[in-house]
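Reader: Hi! Could you walk me through this structure? I'm new to this, so plain words please.

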Amino acid sequence: MKLAALIGSVRKDSFNRKIADFIGERYQSDFTLEKLGIQELPYFDQDQETDPPESVRTFKQKVKDADAILIVTPEYNHSVPGILKNAIDWVSRIDLVMAGKPVLMIGASPGFLGTVRCQLHLKQILAAPGVSALVLPGNEVFIGEVHKKMDDTGKITDEGTVEFLDGVMKNFKTFIESK
Ligand SMILES: Cc1cc2nc3c(=O)[nH]c(=O)nc-3n(C[C@H](O)[C@H](O)[C@H](O)COP(=O)(O)O)c2cc1C
């Protein structure tokens with residue numbers, strides 16, 4: 001199954017990107033994961049939405065071709081990082097490539113709440129008419145105190161977190177297959 005990953009951080013040592021990489025490696029027998037370069041997208045411009053730049057075209061095509069979308073993102077100021085919102089704004093127009101697409105949201109933060117507030121907003125955004133993504137129900141992944149759960153190589157060392165992820169990814173696979 002083809003997973004397209006949207007990562008809400010461009011930071012060199014991003015915990016969230018490391019989690020996406022961990023997922024890509026650990027579940028490679030079920031999924032191939034491609035991280036889409038949302039940092040290369042220009043700011044959304046409604047004047048360009050019918051004839052967007054090449055980077056946007058490529059991005060939308062990759063979203064369209066994917067069986068499902070994995071979003072791994074930090075929380076910025078109690079909400080969704082701008083880079084991620086910008087990418088979602090592009091896909092919300094004209095050809096609506098996210099509509100009906102299965103989505104799994106994951107978030108990690110050094111803080112205790114692990115992106116709860118970001119994901120509440122994100123869920124609302126993904127339910128907007130132009131987006132209409134299908135978020136995996138009943139499986140919320142908030143990885144709080146992430147700095148204590150990962151080693152320097154990006155391996156998740158906290159067994160409870162890995163076991164939980166194993167279950168979620170299994171549920172996500174079943175969910176994708178049911179669509
Ligand atoms: C602009 C900014 C706003 C932030 N706001 C929050 C926040 O609202 N909640 C939170 O838990 N952490 C917040 N943080 C801390 C991030 O969780 C932390 O920097 C995290 O490591 C970012 O994710 P990354 O490692 O994937 O880059 C914020 C960080 C920045 C730079």
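Author: Happy to help; we'll talk about a pair of helices and then a few loop residues. Keep in mind that this is a predicted model.

Reader: Cool. At what angle do α2 and α3 pack?

Author: Helix α2, residues 54-65, and helix α3, residues 82-91, pack at an angle of about 80 degrees. Their axes are 10 Å apart. Angles of 65 to 115 degrees count as roughly perpendicular, and α2 and α3 are therefore roughly perpendicular to each other.

Reader: Which residues meet there?

Author: From α2 you have V56, F59, K60 and V63, and they meet A87, W90 and V91 of α3. That contact is made up of 6 nonpolar residues, 1 charged and no polar ones.

Reader: New topic: S109. Where is it found, and is it buried or exposed?

Author: S109 sits in the loop between β4 (102-108) and α4 (116-126). S109 has a relative accessible area of 15%, and buried means under 20%, so S109 is buried.

Reader: And what does S109 touch?

Author: Leaving aside residues up to four places away in sequence, S109 touches G114, T115, I143, G144, E145 and V146.

Reader: Last thing: what is the phi of I94, and what about S132?

Author: Most residues other than glycine have a negative phi. I94, in the loop between α3 and β4, has a positive phi near 65 degrees. S132 is not a glycine either, and its phi is positive at about 45 degrees.

Reader: Where does S132 lie?

Author: S132 lies in the loop between α4 and β5 (134-135), and with 30% relative accessibility S132 counts as partly exposed.

Key: Residues numbered from 1 in each chain as written. Predicted model: local features only at pLDDT ≥ 70, side-chain atom pairs only at ≥ 80, totals over all residues. Heavy atoms only, no water. Axes fitted to C-alpha atoms, helices over the stretch in contact; angles between N-to-C directions. Helix = DSSP H or I, 4+ residues; strand = E, 2+ residues; numbered from the N terminus. Parallel < 35°, antiparallel > 145°, perpendicular 65-115°, else oblique. Contact = heavy atoms within 4.5 Å. Nonpolar A, V, L, I, M, F, W, Y, C, P; charged D, E, K, R; others polar. Buried < 20%, exposed > 50% of the residue type's maximum accessible area, 1.4 Å probe, protein only.
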